[in-house]
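Here is a short tour to read alongside the model. We will start with one strand, move on to one helix, and end with the pockets.

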Amino acid sequence: MQNRAEGGFRAYDPDRGGAPLIITEDPELLDDLLRLCAAAGAEPRVHHSVPEQSGGPPGPSAADRTAWETAPLVLVGDDAAGRVRGAPRRPGVFLVGREQDDPWVWQAGVEIGAEQVLRLPDTESWLVDRIADVAEGVGRQALAVGVIGGRGGAGASTLACALAVGAARAGERTMLIDGDPMGGGLDVLLGGEHAEGLRWPDLAGSRGRVAAGALEESLPELHALRVLSWDRGDRVVVPPTAMRSVLAAARRRGGVVVVDLPRRVDEGVAEALAQLDLVLLVVPAELRAVAAASRVAGAAGTVARDLRVVVRGPCPPGLDPPAVAGLLELPLAGEVPAEAGLEQEPGEPPGARARGPLARFSAGFWERALVGGGAG
């Protein structure tokens, strides 16, 4: 096999980081674990054993001890449990095998300090995710913010673009996701409809884990942010499984994810709402708009964990932003000044003008959200 070296095992390379460590001499189990690592995009180190804390037989190299102590994840085959029993205790150790009903393996797991005992093939999907987290260096997830219009023409797409542009301007790794197939395409709004890269039709069949780095690199880069939008072909339905996989991958890269959402909450939109940290409901300061927004809020609020109102001016007497939020019985996230969507010029993305009202709103929003961990 490609990962095998002379003598059956790949030599340890001290310059490689982030690679899981496999300890087994069972060729079939090794093949299974190498297959799972390949599925997760990880290239593991493979060792016979690790040195004991004291009194062990001579022979294990310093590289063995270094591998055991520094690997982010250690997969010990049940055939090797006895050989690692005296190794220093550390987190991230898993005992892996195939026998489902052998009580000995549970005792062995306790003796080597394993976090869990994993039985293949039942736990393969879970283990691939865990290995992939290691391979991708997963840290803090991105702050995910959705924007949804209280009525048609409320300016939700414009605000979503402005928020993404503002986050990128602030130095955050930013991804803008167009969740509205009937909205005309955020890449058009950003002036990048001809930019090369994947669109939703290319990803609508996604299932399981999507590689975060590959997703980011495959999308068009516009105005220092990555954009997932639609092409100009026939409408494509994004099933909940694809929405879940793509959003999860987008969040694993950290930074900021902004999602533009349609007012109609179908299964795919509900899946997106469930993954977002905060959803902004854009409502013009008009009584009819407030009435329409109450219906949208009723549908979105059953799924969204944190739904807040952004009021778009101008505000007539008696219907200022706090009054609109009060009528909707939702927290107020802020006010966007009148005609904010008209401030851009051809070829200029929403919020591009640093002193414009959209840019000022975005800067204030991210200052609160990114520093305080929320938008409150």
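A residue counts as buried when its relative accessible area is under 20%. With that cut-off, strand S3 (residues 74-77) in this predicted model is covered on both faces: Val74 and Val76 are buried on one side, and Leu75 and Gly77 are buried on the other. In a regular strand, side chains alternate between the two faces of the sheet.

**Strand S3 and its neighbours**
- Strand S1 (residues 21-23) runs parallel to S3, and 3 bridges join the two.
- Within that pairing, Val74 of S3 has Leu21 opposite.
- S3 also pairs with strand S4 (residues 93-97), again in the parallel sense, over 4 bridges.
- Here Val76 has Leu95 of S4 as its bridge partner.

**Helix H10**
- Helix H10 spans residues 267-275, and its buried residues are Gly268, Val269, Glu271, Ala272, Leu273 and Gln275.
- An α-helix has 3.6 residues a turn, so residues three or four places apart point the same way.
- What covers the buried residues of H10 includes three strands, S6 (143-149), S10 (256-261) and S11 (278-284), along with helices H9 (240-252) and H11 (287-300).
- At the N-terminal end, Asp266 acts as a cap for H10, with a side-chain oxygen 3.2 Å from the backbone nitrogen of Gly268.

**The largest pocket**
- The largest pocket holds about 390 Å³ of space.
- It is lined by 19 residues, and those closest to its centre are Val128, Asp129, Gly208, Arg209 and Val210.
- Two elements, helix H4 (124-136) and H9, give two or more residues to this lining.
- H4 gives the most to the lining of the largest pocket, with 7 residues.
- Sorted by class, this lining has 8 nonpolar, 5 polar and 6 charged residues.

**The second largest pocket**
- Which residues lie nearest the centre of the second largest pocket? They are Pro181, Arg235, Pro262, Asp266 and Val269, out of 20 that line it.
- Its elements with two or more lining residues are H9 and H10.
- H10 gives the most to this lining, with 3 residues.
- The volume of the second largest pocket is about 310 Å³.
- Its lining has 12 nonpolar, 2 polar and 6 charged residues.
- Two names return from the helix section: Asp266, the cap of H10, and Val269, one of the buried residues of H10, are both among those nearest the centre of this pocket.

Methods: Residues are numbered from 1 along each chain as its sequence is written. This is a predicted model: local features need pLDDT of at least 70, side-chain atom pairs count only at pLDDT 80 or more; totals for chains, interfaces and linings use all residues. Side-chain values use heavy atoms; hydrogens and water are left out. Buried means under 20% relative accessible area, exposed over 50%, partly exposed in between (1.4 Å probe, protein chains only). Contact means heavy atoms within 4.5 Å. A polar contact is a pair of N or O atoms within 3.5 Å; within protein, one must be able to donate a hydrogen and the other to accept it, and residues adjacent in sequence count only if both atoms are side-chain atoms. Two strands pair if DSSP finds at least two bridges between them. On a 1 Å grid over the protein atoms alone, a cavity is a set of points where a 1.4 Å probe fits but cannot get out, and a pocket is an open set with protein on both sides within 12 Å along at least five of seven lines; lining residues have an atom within 4 Å of a point. Grid points are joined across faces, edges and corners, and a volume is the space filled by probe spheres set on the points. Ala, Val, Leu, Ile, Met, Phe, Trp, Tyr, Cys and Pro count as nonpolar, Asp, Glu, Lys and Arg as charged, and the others, Gly among them, as polar.
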